[in-house]
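Hello,

Here is the structure I promised to pass on to you. Please have a look at it first, and then read my notes below.

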Amino acid sequence: MSDDYIYDEATGEWVAGGAATTDAAAGGAAGGAADDGAVVVRDSVGNVLVDGDQVTLIKDLTVKGAGQTLKRGTLIKSIRLTGDAQEIDCRYEGIKGLVLRAEFVRKR
């Protein structure tokens, strides 16, 4: 039985036959919660960001394709997390689909 492998759809990995059944039964629900908590987005000073937060830019940023520069101190309201630890999705007047790096913002 040590040569049997089972594809675990939850993790996307091949695991040993005996390990798949015990891992899925023991931590299936906990594993999902751990995956949600695994992506923690932090701003430039280490504050944890969540959906709906307001952030302020700490640096002038040139927006590619918009021909516009967002100045330092610009307030961005109601951010959305993308699932990537360094990217946040937001709206700003005149710019559609704006994605900012978390290292350039500070939580307000």
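**What I found**

Of the contacts in the protein with a separation of 6 or more, 45% are between residues 24 or more positions apart. Please keep in mind as you read that this is a predicted model.

Let me begin with the overall layout. The protein has one helix and 10 strands, and from the N terminus on its elements follow the order β-β-α-β-β-β-β-β-β-β-β. There are 108 residues, and buried ones make up 21% of them. The exposed surface comes to about 7300 Å², with carbon and sulfur atoms supplying 49% of that area.

**Strands β7, β8 and β9**

You may enjoy following β8 (residues 87–92), as it pairs with β7 and also with β9. Strand β7 (residues 80–81) runs antiparallel to β8, and two bridges join them. With β9 (residues 95–101), β8 again pairs in the antiparallel sense, here over five bridges.

D89 is a handy residue for tracing this arrangement. Opposite D89 of β8 stands R80, and D89 also stands opposite V99 in β9.

Both hairpins have a glycine with positive phi. In the hairpin of β7 and β8, five residues lie between the strands, and G83 takes a phi near 100°. In the hairpin of β8 and β9, two residues lie between the strands, and the phi of G94 is near 85°.

**T74, in a loop**

Next, please look at the loop between β5 (68–70) and β6 (75–76), where you will find T74. Is T74 buried or exposed? Its relative accessible area is 14%, so T74 counts as buried, the cut-off being under 20%. T74 touches V55, T56, L57 and Y92, leaving aside residues up to four places away in sequence. In addition, a polar atom of the T74 side chain lies 2.6 Å from the backbone oxygen of K71.

**W14, on the surface**

W14 makes a good counterpart to look at. This tryptophan is found in strand β2 (residues 13–16). With a relative accessible area of 58%, W14 is over the 50% cut-off and therefore counts as exposed. Together with Y5 and Y7, W14 makes a nonpolar surface patch of about 410 Å².

I hope these notes help you find your way around, and I look forward to hearing your thoughts.

Best wishes

Definitions and conventions. Residues are numbered from 1 along each chain as its sequence is written. This is a predicted model: local features need pLDDT of at least 70, side-chain atom pairs count only at pLDDT 80 or more; totals for chains, interfaces and linings use all residues. Side-chain values use heavy atoms; hydrogens and water are left out. Helices (H or I, at least four residues) and strands (E, at least two) are DSSP runs, numbered from the N terminus. Buried means under 20% relative accessible area, exposed over 50%, partly exposed in between (1.4 Å probe, protein chains only). A polar contact is a pair of N or O atoms within 3.5 Å; within protein, one must be able to donate a hydrogen and the other to accept it, and residues adjacent in sequence count only if both atoms are side-chain atoms. Contact means heavy atoms within 4.5 Å. Two strands pair if DSSP finds at least two bridges between them. Patches are made of residues with over 30% relative accessible area and no salt bridge: like charges are joined within 9 Å, nonpolar side chains (Val, Leu, Ile, Met, Phe, Trp, Tyr) within 5 Å. Accessible areas come from the Shrake-Rupley method with a 1.4 Å probe; for residues, only the protein chains shown count as cover. A salt bridge is a side-chain nitrogen of Lys or Arg within 4 Å of a carboxyl oxygen of Asp or Glu.
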